[in-house]
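Colleague: Could you walk me through this model and tell me how each label was earned? I like to see the reasoning behind the words.

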Amino acid sequence: MSEQKIEFYKGPAGGWGALRSVAKTLMKEGAPGKGARTLLAANQPDGFDCPGCAWPDRSHTSTFEFCENGVKAVAAESTSKRATPEVIGEHTVSWWAEQSDYVLEQLGRITEPLVYDAVTDKYKRIAWDDAFTLIAAELKALPDPNQASFYTSGRTSNEAAFLYQLFVREYGTNNFPDCSNMCHEPSGSGLRPTIGVGKGTVTLHDFEQADLILILGQNPGTNHPRMLGELRDAAKRGCRIVSVNPLRERGLERFADPQDKLEMATMGSTPISSHYVRIRIGGDFAFLKGLCKLVLEADEHARLNGLAPIVDSAFIAEHTSGFDEFMQDVLDEDWDVIQTESGLTKAEIEAVAKQYMESKRVIACWGMGITQHQHSVATIQMIVNLLMLRGNLGREGAGVCPVRGHSNVQGDRTMGINEKPTAAFLDRLGKVFGFEPPRSHGHDTVGAIEAMLEGQCKVFFAMGGNFAAATPDTLATYRALQSCELTVHVATKFNRSHVVHGQQALLLPCLGRTEIDVQAGGTQGVTVEDSMSMVHLSAGLNAPASEHLLSEPMIVARLAAATLPHSKTPWLDLVADYRLIRERIEAVFDDFAGFNEKIAKPGGFRLRNTASERVWNTPSGKAKFSTHAVPRDTFVHRAKASEKHRDTVVLTLATVRSHDQYNTTVYGMDDRYRGVYGQRRVVFINDEDLRDIGLKDGDWVDITSLYADGVERRAEKFRLVSYDIPRGNIASYYPETNPLVPLQSFAIGARTPTSKSIPVKLTRCDAPAA
Ligand SMILES: Nc1nc2c(c(=O)[nH]1)N[C@H]1C(S)=C(S)[C@@H](COP(=O)(O)OP(=O)(O)OC[C@H]3O[C@@H](n4cnc5c(=O)[nH]c(N)nc54)[C@H](O)[C@@H]3O)O[C@H]1N2
Ligand SMILES: Nc1nc2c(c(=O)[nH]1)N[C@H]1C(S)=C(S)[C@@H](COP(=O)(O)OP(=O)(O)OC[C@H]3O[C@@H](n4cnc5c(=O)[nH]c(N)nc54)[C@H](O)[C@@H]3O)O[C@H]1N2
Ligand SMILES: [Mo]
């Protein structure tokens with residue numbers, strides 16, 4: 001682990017720093033030779049899909065695209081370390097619960113199924129058959145199938161996800177809490193009613209054509225490093241890139257491509273953003289509405305003066321509804337409100353509006369900085385409004401691009417992992433498989449935790465992920481999980497959720513993406529869908545981490561066979577050859593016609609995206625302009641206005657990812673681009689705020705969130721780091737700060753926890769004991 005220090009990072013993102021980090025990662029995981037071979041197969045036509053993120057590959061056939069954080073994700077999975085029953089069984093679960101996430105992760109791959117033994121408070125070996133029998137007995141004993149919840153984390157393949165949702169529905173519930181509930185749910189909820197699809201509309205080809213790319217609330221240098229290659233090419237050919245972010249993220253400023261020999265040899269780099277908007281946390285809605293207002297005003301001015309119109313009236317007339325109401329509302333909006341809420345001056349917004357109006361083809365990308373707010377759905381709809389004003393939707397070089405997180409989170413949703421399935425989908429599923437699917441809507445992530453707390457959920461099953469650490473309101477979530485009769489985790493690595501468990505608990509170890517999957521019908525590949533709706537094959541090449549591992553589809557099939565004796569689905573036949581699963585997927589989803597043939601082609605195929613063809617699957621048959629007021633009554637507003645906090649400096653906290661983590665998996669303690677080394681408990685804060693609260697850089701604080709529900713929520717011992725961040729705003733890492741977010745603080749219309757806008761106060765505390 002590196003020495004603790006804070007040191008400003010001067011270099012570009014990527015470059016030699018990234019190469020050095022890769023070398024270190026490979027050494028640490030103990031298998032440089034094998035690691036390197038594994039890496040060369042990442043995102044190759046006959047290799048596996050990189051488990052790092054959902055950014056697409058150039059036709060999935062290019063030479064190895066360099067990605068430091070993809071390397072970390074792959075190396076973490078192909079590590080030579082093993083969490084055997086002996087290693088995990090050496091300590092009690094209560095002892096493990098005291099260890100850090102980093103320590104749990106470092107144990108390596110889980111090798112055998114484990115069951116919790118309450119007498120010794122330890123995990124011990126269990127045979128697979130016995131594990132399935134135990135789960136089946138618990139599930140069958142529940143008075144109501146809705147007392148079980150089935151979580152999915154977005155690494156699960158299409159094949160596994162399809163079987164999983166089928167099993168759960170044959171069992172009798174739609175309780176599908178999903179990682180996307182905490183992630184891009186607002187993107188789906190915002191886009192579906194406005195453009196008729198809940199996904200992005202652009203492809204990499206559009207990135208080559210765009211002349212302006214907006215990047216809102218996203219940090220690709222850390223979270224989607226392969227996107228930087230695309231942005232660099234765009235910047236080099238003169239495309240403007242406007243970044244909107246409270247933090248100056250290094251990857252959005254300068255990037256050196258480790259594959260560019262000249263850039264590397266000369267220590268050169270490419271500037272990425274042509275314009276950087278330092279928005280206030282939660283200020284995006286007001287900013288976007290301000291942009292719309294300037295476009296509409298400029299258009300009015302142009303028309304009155306006989307100049308070329310700014311707004312694409314033909315597009316609006318032919319393809320949209322709701323424009324007049326929207327226009328009136330935007331023109332009536334007050335500049336004071338826009339400036340106060342965005343934290344930007346009118347002149348700053350005008351500078352971006354000018355670039356937008358000068359551009360012919362505009363793409364808007366966004367990430368968690370947009371989705372994890374109370375009014376995220378409205379903000380995403382305001383992005384759509386802005387694009388539609390100039391027809392930047394459904395044509396080359398233009399469109400929406402929510403940049404997804406987990407490598408198959410989009411595919412899992414496509415496969416039916418959805419707590420609110422449509423009636424049409426259920427009809428079809430029931431017909432193909434000969435059963436009556438449950439109709440009532442199920443629990444999402446927040447709903448599942450609430451149900452556990454109310455005693456309404458007794459069995460929690462997780463297909464991957466780390467529910468205990470990823471969810472908000474940590475203490476409440478822990479109580480919720482501990483109240484279950486049974487918790488089951490299908491996992492590759494030991495994590496927090498395995499030590500915060502129900503009365504009975506099971507760990508079921510599975511194959512990872514990088515591993516060879518052999519079934520009765522031969523070696524199998526699985527499919528995934530990336531952020532741009534490209535579906536392609538993924539096949540591992542490493543020997544499994546242990547001979548006892550089962551594939552995710554096999555785990556589902558054997559569990560289904562044990563739980564559903566009367567099922568008409570030939571569970572075990574389907575998993576002998578995954579092509580049979582894909583035939584069933586094709587029978588349920590028309591868009592997958594010819595599935596097996598289409599994925600035989602390198603690069604796979606793109607799912608139909610009606611919005612990108614200007615076909616609008618909305619009730620009116622048109623794309624919809626949405627009218628929303630600037631939010632001025634969020635939890636942050638309320639905390640600031642509260643009489644109780646009259647003498648308190650109320651700050652807005654955004655929880656972000658460091659460069660050395662993958663969600664709840666902590667690979668290392670550095671956040672290189674933000675200059676943090678050897679530690680994670682830091683708070684980035686503006687100098688003037690430091691002065692206001694009478695503290696200084698290097699002081700230690702506890703963070704308390706300020707909600708009116710009377711519950712004290714605190715995260716302790718963070719070091720203050722003086723940082724270039726707008727006043728009133730602070731940032732810190734997830735998941736250490738998750739205890740601060742109440743379950744009830746979520747996005748309107750999507751129920752995504754508001755992890756990017758938490759009202760808090762800071763109080764001085766002692767430095768932790770060395
Ligand atoms: N290496 C690595 N890769 C990953 C992940 C990982 O943890 N590690 N996670 C994966 C997953 S599941 C996801 S969802 C994605 C997440 O990828 P991102 O969406 O990039 O995730 P975050 O780090 O949470 O933060 C996004 C950015 O939002 C900014 N921000 C915060 N508040 C606001 C705001 O109010 N407005 C604006 N405009 N910006 C704001 C932050 O400064 C930060 O730069 O990455 C995926 N890829
Ligand atoms: N405060 C705050 N909270 C957040 C966020 C935030 O920005 N701030 N971000 C949210 C977001 S965007 C997301 S997506 C969620 C993430 O929530 P999750 O998806 O639940 O969490 P991960 O940390 O990605 O899960 C890691 C675990 O997955 C298991 N795993 C890895 N690979 C595989 C595999 O191939 N198969 C199986 N079965 N298991 C595997 C390993 O055991 C590993 O420990 O967190 C959310 N929580
Ligand atoms: Mo995510």
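Colleague: Which residues come nearest to ligand 1?

Modeller: This is a predicted model, and in it 32 residues surround ligand 1, with E249, G282, D284, Q661 and N663 coming nearest. A residue belongs to that group if one of its heavy atoms lies within 4 Å of the ligand.

Colleague: What makes the pairing of D284 with ligand 1 a polar contact?

Modeller: The cut-off is a pair of N or O atoms within 3.5 Å. A polar side-chain atom of D284 lies 2.6 Å from a nitrogen atom of ligand 1, so the pair qualifies. R657 offers a polar side-chain atom 2.8 Å from an oxygen atom of ligand 1, and a polar backbone atom of G217 is 3.3 Å from a nitrogen atom of the ligand.

Colleague: How much of ligand 1 does the protein bury?

Modeller: Taken alone, ligand 1 exposes 920 Å², and the protein buries 99% of that. The elements giving two or more residues to its shell are helix 11 (220-223), helix 20 (368-371), strand 25 (651-656) and strand 26 (661-662). Sorted by class, this shell has eleven nonpolar, 17 polar and four charged residues.

Colleague: D284 has my attention now. What is T379 in contact with, and why is T379 called buried?

Modeller: Buried means under 20% relative accessible area. T379 has 3%, so it is buried. T379 is found in helix 21 (residues 376-389). Leaving aside neighbours within four places in sequence, its contacts are D284, F285, L288 and I370.

Colleague: On to ligand 2, then. Which residues come nearest to it?

Modeller: Ligand 2 has 30 residues around it, and Y151, S153, A470, E552 and T664 come nearest.

Colleague: How do you know that E552 makes a polar contact with ligand 2?

Modeller: An N or O atom in the side chain of E552 is 2.6 Å from a nitrogen atom of ligand 2. That is within 3.5 Å, so it counts. The side chain of N663 has an N or O atom 3.1 Å from an oxygen atom of ligand 2. For G464, a backbone N or O atom lies 3.5 Å from a nitrogen atom of the ligand. On its own, ligand 2 has 930 Å² of accessible area, and the protein covers 96% of it.

Colleague: Which domains supply the shell around ligand 2, and which classes of residue are in it?

Modeller: Domain 2 (84-181 + 417-591) and domain 4 (635-764) each give at least three residues. By class there are eleven nonpolar, 14 polar and five charged residues.

Colleague: Where do those domains sit in the chain as a whole?

Modeller: The chain is divided into domain 1 (5-78), domain 2 (84-181 + 417-591), domain 3 (185-403) and domain 4 (635-764). The C-alpha centres of domain 2 and domain 3 lie 37 Å apart, and the contact takes six residues from domain 2 and nine residues from domain 3.

Colleague: Why is helix 24 described as largely enclosed?

Modeller: Eight of the nine residues of helix 24 (residues 445-453) are buried, so the rest of the structure largely encloses it. The buried ones are T445, V446, G447, A448, I449, E450, A451 and M452. They pack against strand 7 (148-152), strand 16 (459-463), helix 25 (467-470) and helix 26 (474-482).

Colleague: What is found at the ends of helix 24?

Modeller: D444 caps the N-terminal end, with a side-chain oxygen 3.4 Å from the backbone nitrogen of V446. After the helix comes G455, whose phi is positive, near 75°.

Colleague: Why does A562 count as partly exposed, while F255 is called buried?

Modeller: Partly exposed covers the range between the 20% and 50% limits. A562 has 27% relative accessibility, so it falls in that range. F255 has a relative accessible area of 6%, which is under 20%, so it is buried.

Colleague: Where do these two residues lie, and what are they in contact with?

Modeller: A562 is in helix 28 (residues 552-563). Beyond its neighbours within four places in sequence, A562 is in contact with F132, A136 and K140. F255 lies in strand 10 (residues 254-256). With such neighbours left aside again, the contacts of F255 include P12, L228, R232 and I272.

Definitions and conventions:
Residues are numbered from 1 along each chain as its sequence is written. Chains are lettered from A and ligands numbered from 1 in the order in which they are written. This is a predicted model: local features need pLDDT of at least 70, side-chain atom pairs count only at pLDDT 80 or more; totals for chains, interfaces and linings use all residues. Side-chain values use heavy atoms; hydrogens and water are left out. A polar contact is a pair of N or O atoms within 3.5 Å; within protein, one must be able to donate a hydrogen and the other to accept it, and residues adjacent in sequence count only if both atoms are side-chain atoms. Accessible areas come from the Shrake-Rupley method with a 1.4 Å probe; for residues, only the protein chains shown count as cover. Ala, Val, Leu, Ile, Met, Phe, Trp, Tyr, Cys and Pro count as nonpolar, Asp, Glu, Lys and Arg as charged, and the others, Gly among them, as polar. Domain bounds come from an automatic or database domain assignment. Helices (H or I, at least four residues) and strands (E, at least two) are DSSP runs, numbered from the N terminus. Buried means under 20% relative accessible area, exposed over 50%, partly exposed in between (1.4 Å probe, protein chains only). Contact means heavy atoms within 4.5 Å.
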